[in-house]
Amino acid sequence: MIRLLILGTAFAALLAGPTLAQQPTKLLNASYDVSRELFAAENEAFIKQHPGVTIDQSHAGTSKQARSIVEGLEADVVTFNQSTDIDFLAKNGFVSKDWTKAFPNNASPFYSFPSFLVRAGNPKNIKDWGDLARDDVHAVFPNPKTSGNSRYTYLAAYAWAKEAYKGDQGKIEAYITKIFNNVPVFDTGGRAATTTFVERETGDVLITFEAETRGIVKQYGKDKVESVIPSVSLLAEFPVAVVDKVAKKHGTEALAKSYLDFLYSEEGQRIAAEFGNRVNNEKVAAEVKGQFPDIRLVKVDDVFGGWEKVQKEHFASGGTLDKLYGSR
């Protein structure tokens, strides 16, 4: 009788197990510094489709985020603004080495580029990258050693200079150094730089992603700031990845993939576009085409030979960035 009771209890537990055992319902998304509002909206829409799910956010410069994950930040997914920071996670065993193939468009659901934000009326008549080296122009952007946002600014300015100075290395480096010398303060991340420019009213032009400039104009009004699109800029893709090492530990692999898949859905893409990002979904891109000015975008692969080469030549210790940025 006791044996039958034990077997019956075990059988009942076996039947009840799948229904009682709760699937993981919480994710942590480690993202770049100026994406707070975007992912607040994306998360709300995703949760409506997945009731009971909670998504926490962490925001900072993506290089800092990547280091934090290696040091113990248990993010299930990353939504970064620079592929080298996900490559860093891959090299440390946190992300699959073929992460770019896990999602469409090299795992980049949307994109932007470095653009300008100036005071209303553009009193300094700032129109293009060359203006940033003028003595009377003080540009605001974060520290390129801590901010992926700012590294895009550095590379976009460098790409413009390569064309403008026909590859003359001395003139290119003098131009970049002049821009650095004109920056009144280097914040650690993009959102802090926005605060410095808009709220503290420091500097003449803020350089940040077009998506951020559009959001600032919407928030503060055209009577305070206005957007200026330069003649050329650098394509800034926003790569995403499941942090496999953490997701396996948490049992969130399926939920994490579903979350990142949502960013590619029509709803996810419309939200991204609403927050100033340019999207890859053809249907949604056609719907919002009139909202985005035309611009010539160059690519890291074409101008610099790829991110791996950029990392070695520009961003590694002792590289070009160290040489030009110095100990600021």
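The dialogue below reads several features of a predicted model, from its overall confidence to its core, one helix, one strand residue and its empty spaces.

Me: Before I look at any detail, what is the mean pLDDT of the chain, and over which residues does pLDDT stay under 50?

Reply: With a predicted model, confidence is read before anything else. Here the mean pLDDT of the chain is 92, and 93% of the residues reach 70 or more. Residues 1–21 are where pLDDT stays under 50, and for that stretch the model has zero contacts beyond four places in sequence.

Me: How many helices and strands does the chain have, and what share of its residues count as buried?

Reply: The chain has 16 helices and 13 strands, and its C-alpha trace spans about 95 × 45 × 35 Å along the principal axes. Of its 328 residues, 51% count as buried. As for how the chain contacts itself, 75% of the contacts with a separation of 6 or more are between residues 24 or more positions apart.

Me: Which residues have the most contacts inside the largest nonpolar core, and which helix gives that core its largest share?

Reply: The largest nonpolar core has 88 residues, and those with the most contacts inside it are Ile69, Val78, Trp129, Leu132, Leu155 and Phe180. Its largest share, nine residues, comes from helix H6, which covers residues 148–164. Leu155 can serve as an example: leaving aside neighbours within four places in sequence, Leu155 is in contact with Leu234, Val300, Phe304, Trp307, Val310 and Phe315. There is also a second, separate core of nine residues, including Leu117, Phe197, Ile216 and Val225.

Me: Why do the buried residues of helix H3 line one face of the helix?

Reply: The general idea comes from helix geometry: an α-helix has 3.6 residues a turn, so residues three or four places apart point the same way. In H3, residues 62–70, the buried residues are Thr62, Ser63, Gln65, Ala66 and Ile69. Seen down the axis of H3, these buried residues fall within an arc of 160 degrees, and therefore they line one face of the helix. They pack against strand S1 (26–31), strand S2 (54–59), strand S3 (77–79), helix H4 (83–91) and H6. After H3 comes Gly72, with a positive phi near 135 degrees.

Me: Is Ser233 buried or exposed, and which residues does Ser233 touch?

Reply: The cut-off to keep in mind is that a buried residue has under 20% relative accessible area. Ser233, found in strand S9 (residues 232–234), has a relative accessible area of 2%, and so Ser233 is buried. Not counting residues up to four places away in sequence, Ser233 touches Phe113, Pro114, Trp129, Ala156, Ile295, Arg296, Leu297 and Val298.

Me: Which residues line the largest cavity, and which lie nearest the centre of the largest pocket?

Reply: It helps to take the cavity before the pocket. A search of the whole structure finds one cavity of 30 Å³ or more, and about 50 Å³ of space lies in the largest cavity. Its lining consists of Trp129, Leu132, Phe141, Thr153, Tyr154, Ala157, Ile176, Ile179 and Phe180, with H6 and helix H7 (169–181) being the elements that give two or more residues. The largest pocket, by contrast, has a volume of about 680 Å³ and is lined by 36 residues, of which Ala211, Glu212, Arg214, Gly215 and Ile216 lie nearest its centre. Helix H9 gives the most to that lining, with eleven residues, while helix H2 (36–49) and helix H8 (190–198) are among the elements that each supply at least two.

Terms used: Residues numbered from 1 in each chain as written. Predicted model: local features only at pLDDT ≥ 70, side-chain atom pairs only at ≥ 80, totals over all residues. Heavy atoms only, no water. Core = buried A, V, L, I, M, F, W, Y, C linked by side-chain atoms within 4.5 Å. Buried < 20%, exposed > 50% of the residue type's maximum accessible area, 1.4 Å probe, protein only. Helix = DSSP H or I, 4+ residues; strand = E, 2+ residues; numbered from the N terminus. Contact = heavy atoms within 4.5 Å. pLDDT = per-residue confidence, 0-100. Arc of directions from axis to C-beta. 1 Å grid on protein atoms, 1.4 Å probe; cavity = no way out; pocket = protein on both sides within 12 Å on 5 of 7 lines; lining within 4 Å. Points joined across faces, edges and corners; volume = space filled by probe spheres on them.
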